[in-house]
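Please open the model in your viewer and keep the selection panel at hand, since each stop on this tour begins with something to select.

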Amino acid sequence: MTGFAIAPTLINGNGLIQQVVSPGQLTEGLAWAGTALGIGVSIGSAVAGSRIDAAGAHAGYLVVLAAAGAATVLVVASIGVLRRSARIRIETHV
């Protein structure tokens, strides 16, 4: 059930990278996203696994909830930067 969010997240993340990164750096931008995804999954698995070992399965879901909250805060904090980047990109292509 929790896997339903994975595909939309990856699709939206890659779409956002395509909008923000210049075409000449698109491959690098997508590579950084893939690298960040691998690192995030590794860290998340380690943290969730240790919490599950210490406090049971419920604690693993709390790790997911905390990560979702942190991701939401990061997105809200970066909205201004993303909008400026999109506006600059639109203005340079007009």
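How do the residues of the lining of the largest pocket divide into nonpolar, polar and charged? Before colouring anything, bear in mind that this is a predicted model. The lining residues of the largest pocket divide into 25 nonpolar, twelve polar and no charged.

**The pocket**

Select the lining as a whole, which comprises 37 residues, around a pocket with a volume of about 1600 Å³. To find the centre of this pocket, pick out Thr9, Leu10, Leu37, Val41 and Ala71, which are the lining residues that lie nearest to it. Next, show helix H1 (6-20), helix H2 (26-55) and helix H3 (57-93), the elements that each give two or more residues to the lining of the largest pocket. Of the contributions to this lining, that of H2 is the most, with 13 residues.

**The nonpolar patch**

Now switch to a surface view and select Ile6, Leu10, Leu37 and Val41, which together make a nonpolar surface patch of about 350 Å². Both H1 and H2 take part in the nonpolar patch, each supplying at least two of its residues. Leu10, Leu37 and Val41 will already be familiar from the centre of the largest pocket, and they appear again here as members of the patch.

Stay with leucine 37, which lies in helix H2. Is this side chain's residue buried or exposed? Leucine 37 counts as partly exposed, because its relative accessibility is 42%, a value that falls between the limits of 20% for buried and 50% for exposed.

**Two further stops**

Move on to alanine 7, which is found in helix H1 and is partly exposed, with a relative accessible area of 44%. If you draw a distance from the C-alpha of alanine 7 to the C-alpha of glutamine 19, twelve residues apart in sequence, the value is 18 Å.

Finally, select valine 76 in helix H3, which is exposed because its relative accessible area is 55%, where exposed means over 50%. A line from the C-alpha atom of valine 76 to that of isoleucine 11 spans 19 Å, the two residues being 65 residues apart along the chain.

Notes:
Residues numbered from 1 in each chain as written. Predicted model: local features only at pLDDT ≥ 70, side-chain atom pairs only at ≥ 80, totals over all residues. Heavy atoms only, no water. 1 Å grid on protein atoms, 1.4 Å probe; cavity = no way out; pocket = protein on both sides within 12 Å on 5 of 7 lines; lining within 4 Å. Points joined across faces, edges and corners; volume = space filled by probe spheres on them. Helix = DSSP H or I, 4+ residues; strand = E, 2+ residues; numbered from the N terminus. Nonpolar A, V, L, I, M, F, W, Y, C, P; charged D, E, K, R; others polar. Patch = residues over 30% accessible without salt bridge, like charges linked within 9 Å, V, L, I, M, F, W, Y side chains within 5 Å. Areas by Shrake-Rupley, 256 points an atom, 1.4 Å probe, with all protein chains shown as cover. Salt bridge = Lys/Arg side-chain N within 4 Å of Asp/Glu carboxyl O. Buried < 20%, exposed > 50% of the residue type's maximum accessible area, 1.4 Å probe, protein only.
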